[in-house]
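Please take a moment to turn the model slowly and let your eye follow the chain from one end to the other. The paragraphs below then lead through it step by step.

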Amino acid sequence: MRIGIDVGGTNTDAALMDGPLVLGACKSPTTSDVSSGIVTVLKKVLAMTGIEASAIRAVMIGTTHFTNAVVERKRLLEVAAVRLGLPATKALPPMTDWPRDLVDTLGRHTFMVHGGNEFDGRQIAPLDEAEIVRIAGEIRKRGLRAASITSVFSPVTPDMELRAAEILRDLVPDLSVSLSHEIGRVGFLERENASIMNASLVDLSRKVVSSFRGALKELFIDAPFYISQNDGTLMVPDYVERYPVLTFASGPTNSMRGAATLAGEKDAMVIDIGGTTSDVGMLMNGFPRESAVAVDIGGVRTNFRMPDVLAIGLGGGSIVRDDGERIGPDSVGYEITSRGLVFGGDTMTATDIVVAAGLEEIGDRSRVAHIPAKTIETALNTIHRIADSAVDRMKTSADPLPVILVGGGSVLISRDLPSASRVIRPDNAPVANAIGAAIAQVGGEIDRIFSLEGTSRDIVLGGAKQEACERALKAGAQAGTIKIIDIEEVPLAYLPGSATRIRVKAVGDLAVK
């Protein structure tokens, strides 16, 4: 027995599962303190299934806490951003292209130190330890509680970051230190941005994890809990306290993983339709296809493992105009229960069209009886055209793929789509995000540039696979269930020594005690 919870901006969803079977699922409004909303939805799902709290073996939570904190510029710590890279990397100091209000929030405490490595491990310059000692004094003087350390090519050779962290922790014992080689990928500025952002969130991450623990304790659920990260896998709470940035964009990922499970499809397109927008993504081997471009979080470029998702302005609350010719992108959102026609409001929405067409029983159908049949038909055509166009844009080939519909607004799609081989509407589609959290596995990834000079591709690839598996094990995967699901090799012709960038991802089943 396990419970998956997804904390969204409007609703907190929960699903109770016994192995692959969904025993019960429900929604409850998200609360400002979040934990009381989790308590409410847990009580509801336990009551509706009649399952005792003692029978629950694990709880998985997906949360938007940390993304919202960055976007809202709230509850962030000031950070000492330490870069090891002089005499190179002088041209663009840390946080150069960040929004000014976010840099002000984090305090503009930037330090540049001699050090760093080339792609093959050779030193750019030796680490200036005396400079690190001076920075430690400056951190104490300024009263900072968090620091990030980023060294050039540290995913290849992390030694300088580790040594700098050791010095800072010795001299400032209570300092939380984020190391870039543990967080981001090879790209230098994006990796530095990610580690600075991570350092700013460590205080909040402890509070959030503590509030989750409190919510479970209140209901006497004595089971381990895990938090979903943005590549569709899970982290133990201690890991989240250290790497809160890895939870960014876990919502769309959970929905897509849930869709794969509910539909029994590993390679398909997914449309997750909410009240305001639809997220369209592609499943490959049961996991979301990852974005190949830098991802913008709160105005900052990062290279996180984000799902490649296209967000379009089509949802249950999308406003209908021009006799159905135009729908969205604006929406009445969570106000649909007061502004939608079927609920007694004065705004025609996509939900009103579906009810007027007799496709769904929502609200009071008599309130949409006046909508002309031509408007209904035109609006339905527009809805399906928008959805089909988005699917077509996200496909990697012209071949039709199955399309899985999930989310509370999935009722909008009532016909087949030309670009789909078939349209699948699985049971429990409105809470696919919570189901995705409940069935998530544990993952580990390595992304590094290797020199193949003096060795063979097989030896290098074997070492990378082993390291990815070790990372999955460390994150809480069960030994014996770990397998490699993705390998990416990119030869870098512009670098000497047969340089190749290798990315390996491993996943395994959760080790539940």
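Helices (H or I, at least four residues) and strands (E, at least two) are taken here as DSSP runs and are numbered from the N terminus. Residues are numbered from 1 along each chain as its sequence is written, and the side-chain values use heavy atoms, with hydrogens and water left out. This is a predicted model, in which local features need pLDDT of at least 70 and side-chain atom pairs count only at pLDDT 80 or more, while totals for chains, interfaces and linings use all residues.

With this numbering, one can place proline 87, which sits in the loop between strand 5 (79-86) and helix 3 (100-106). The peptide bond that leads into this proline from leucine 86 is cis, with omega near 5 degrees. Another cis peptide bond runs from glycine 328 to proline 329, with omega near 0 degrees, and here the proline belongs to strand 18 (residues 326-331).

We now turn to the strands. Strands of a sheet pair through backbone hydrogen bonds, either parallel or antiparallel. In what follows, two strands count as paired if DSSP finds at least two bridges between them. Nine strands of this model form an open sheet, whose order is 3-2-1-4-9-10-21-23-22 and whose pairing is mixed. At its edges lie strand 3 (21-29) and strand 22 (483-491), each of which pairs on one side only. From one strand to the next, the twist averages 30 degrees; for this and later angles, axes are lines fitted to C-alpha atoms, for helices over the stretch in contact, and angles run from 0 to 180 degrees between N-to-C directions. Within the sheet, strand 4 (residues 58-62) and strand 9 (residues 225-228) pair in the parallel sense over three bridges, and valine 59 has phenylalanine 225 of strand 9 as its bridge partner.

Which strands does helix 1 lie across? Helix 1 (residues 35-49) lies across strand 1 (2-7), strand 2 (11-18) and strand 3, and runs at about 140 degrees to strand 3.

Helix 1 also packs against another helix. Two packed helices are described by the angle between their axes and the distance between the axes. For helix 1 and helix 7 (residues 202-218), the angle is about 35 degrees and the axes are 9 Å apart. Helix 1 passes helix 7 in a right-handed crossing, a term that applies if the near helix is turned clockwise from the far one by less than a right angle, whereas an anticlockwise turn makes the crossing left-handed. On the side of helix 1, Ser35, Ile38, Val39 and Leu42 meet Ser211, Phe212, Ala215, Leu216 and Glu218 of helix 7, where contact means heavy atoms within 4.5 Å. By class, this contact has six nonpolar, two polar and one charged residues; Ala, Val, Leu, Ile, Met, Phe, Trp, Tyr, Cys and Pro count as nonpolar, Asp, Glu, Lys and Arg as charged, and the others, Gly among them, as polar.

Helix 7 meets helix 2 (residues 65-72) as well, and their axes come within 11 Å and cross at roughly 140 degrees. This crossing, too, is right-handed. His65, Phe66 and Ala69 of helix 2 make the contact with Leu204, Ser205, Val208 and Phe212 of helix 7, and these residues divide into five nonpolar, two polar and no charged.

The loops that follow these helices deserve a look. Arginine 75, in the loop between helix 2 and strand 5, has a phi near 60 degrees, a positive value in a residue other than glycine. Arginine 75 is partly exposed because its relative accessible area is 47%, given that buried means under 20%, exposed over 50% and partly exposed in between (1.4 Å probe, protein chains only). Phenylalanine 220, in the loop between helix 7 and strand 9, likewise has a positive phi near 60 degrees, but with a relative accessible area of 69% this residue is exposed.

Finally, consider strand 19 (residues 401-406): six of its six residues are buried, so this strand is largely enclosed by the rest of the structure. Strand 11 (residues 268-273) pairs with strand 19 in the parallel sense over four bridges, and valine 270 stands opposite isoleucine 404. Strand 19 also pairs in the parallel sense with strand 20 (residues 420-424), over three bridges, with leucine 401 opposite alanine 420.
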